[in-house]
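Grab a pencil and work through these exercises with the structure open beside you. Try each task on your own before you read its solution.

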Amino acid sequence: MPALTPRQIQAASLIAGGRSQRQVAKAIGVTYQTVNVWAQLPAFRAEVQAIIGDAHQATATMLQGQRMRALEELATLLTNAPPSVKLQAIRTVLEATNSLPTPAEPAPAPSPEQASHDRLCEALEWACDELIAEGRLPPEPIHAATRHH
């Protein structure tokens, strides 16, 4: 597969970023027809896909980090927040974890992150039950499908 020129790589990057072929042509100083021909090259298409794949992977990594921060914040809310905020934190976690797929076969030992997550969910359920029992939260039960017993 022939190597791409620096201009072709720049064009591939712009296309992967969502620009149209006409916008790319204007931005790098070539004709639309030139960009259209480049877009048909297997190496050019592969470059666009590689850039998009890298962007997706970076986004997934960033979101995973944000997910862990969110769980830490929810744990903090359960310790320091007023009961109404605690209830919302509990509901948020339970609703989010209710959408997780159920494994078809026994899962291997959980990762430390998963074990921490599981402990947090159990603590959230317990805290919700306690707050309701103490009368500090309305007796309205959390949707039964979100409970993990």
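**Exercise 1. Find which residues Trp38 touches, leaving out those up to four places away in sequence.**

Step 1: Select Trp38 in this predicted model and look for partners further along the chain. You should end up with Arg7, Gln8, Ala11, Ile28, Val30 and Phe44.

Step 2: Now see where Trp38 belongs. The largest nonpolar core has 14 residues, and Trp38 is one of those that touch the most other members, along with Ala11, Val24, Ile28, Val30, Val35 and Phe44.

Step 3: Ask which elements build this core. Those giving two or more residues are α1, α2 (21-28), α3 (32-39) and α4 (42-80).

Step 4: Look for a second group. Apart from this core lies another one of 7 residues, including Leu78, Leu94, Leu120 and Leu124. As background, nonpolar side chains in soluble globular proteins tend to be buried together.

**Exercise 2. Decide whether Gln8 is buried or exposed, and list its contacts.**

Step 1: Place the residue: Gln8 sits in helix α1, which covers residues 6-16.

Step 2: Check the area. Gln8 has a relative accessible area of 9%, and buried means under 20%, so Gln8 is buried.

Step 3: Find what surrounds Gln8. Skipping residues up to four places away in sequence, Gln8 touches Ala3, Trp38, Leu41 and Phe44.

Step 4: Look at the polar end of the side chain. One of its polar atoms lies 2.8 Å from the backbone nitrogen of Thr5.

**Exercise 3. Describe how α2 and α3 meet.**

Step 1: Start with the axes. They come within 8 Å and cross at roughly 115 degrees.

Step 2: Add the handedness: α2 passes α3 in a right-handed crossing.

Step 3: Name the residues that meet. From α2 you have Gln21, Arg22, Val24, Ala25 and Ile28; from α3 come Tyr32, Val35, Asn36, Trp38 and Ala39.

Step 4: Try Gln33, which is also in α3. Its relative accessibility is 53%, and exposed means over 50%, so Gln33 counts as exposed. The C-alpha atoms of Gln33 and Arg22 are 8.8 Å apart, with their positions 11 residues apart along the chain.

**Exercise 4. Work out whether Lys86 and Glu125 are buried or exposed.**

Step 1: Locate both. Lys86 is in helix α5 (residues 83-98), and Glu125 is in helix α6 (residues 112-133).

Step 2: Apply the cut-off of under 20%. Lys86, at 14% relative accessible area, is buried. Glu125 is buried too, with a relative accessibility of 6%.

Step 3: Check distances across the chain. Lys86 and Leu124 are 38 residues apart in sequence, yet their C-alpha atoms are 8.7 Å apart. For Glu125 and Ile90, 35 residues apart along the chain, the C-alpha separation is 7.0 Å.

**Exercise 5. Sum up the whole protein, and say how confident the prediction is.**

Step 1: Count the elements: there are 6 helices and 0 strands.

Step 2: Look at burial. The protein has 149 residues, and 27% of them count as buried.

Step 3: Look at the contacts between residues at least 6 apart in sequence. Of these, 55% join residues at least 24 apart.

Step 4: Check confidence. The mean pLDDT is 79, and 79% of residues reach 70 or more. Over residues 141-149, though, the pLDDT is below 50; this stretch has 18 contacts in the model beyond near neighbours in sequence. Where pLDDT is low, predicted coordinates should not be read in detail.

Key
Residues numbered from 1 in each chain as written. Predicted model: local features only at pLDDT ≥ 70, side-chain atom pairs only at ≥ 80, totals over all residues. Heavy atoms only, no water. Helix = DSSP H or I, 4+ residues; strand = E, 2+ residues; numbered from the N terminus. Buried < 20%, exposed > 50% of the residue type's maximum accessible area, 1.4 Å probe, protein only. Polar contact = N/O pair within 3.5 Å; in protein donor to acceptor, adjacent residues only side chain to side chain. Contact = heavy atoms within 4.5 Å. pLDDT = per-residue confidence, 0-100. Core = buried A, V, L, I, M, F, W, Y, C linked by side-chain atoms within 4.5 Å. Axes fitted to C-alpha atoms, helices over the stretch in contact; angles between N-to-C directions. Left-handed = near helix turned anticlockwise from the far one by under 90°.
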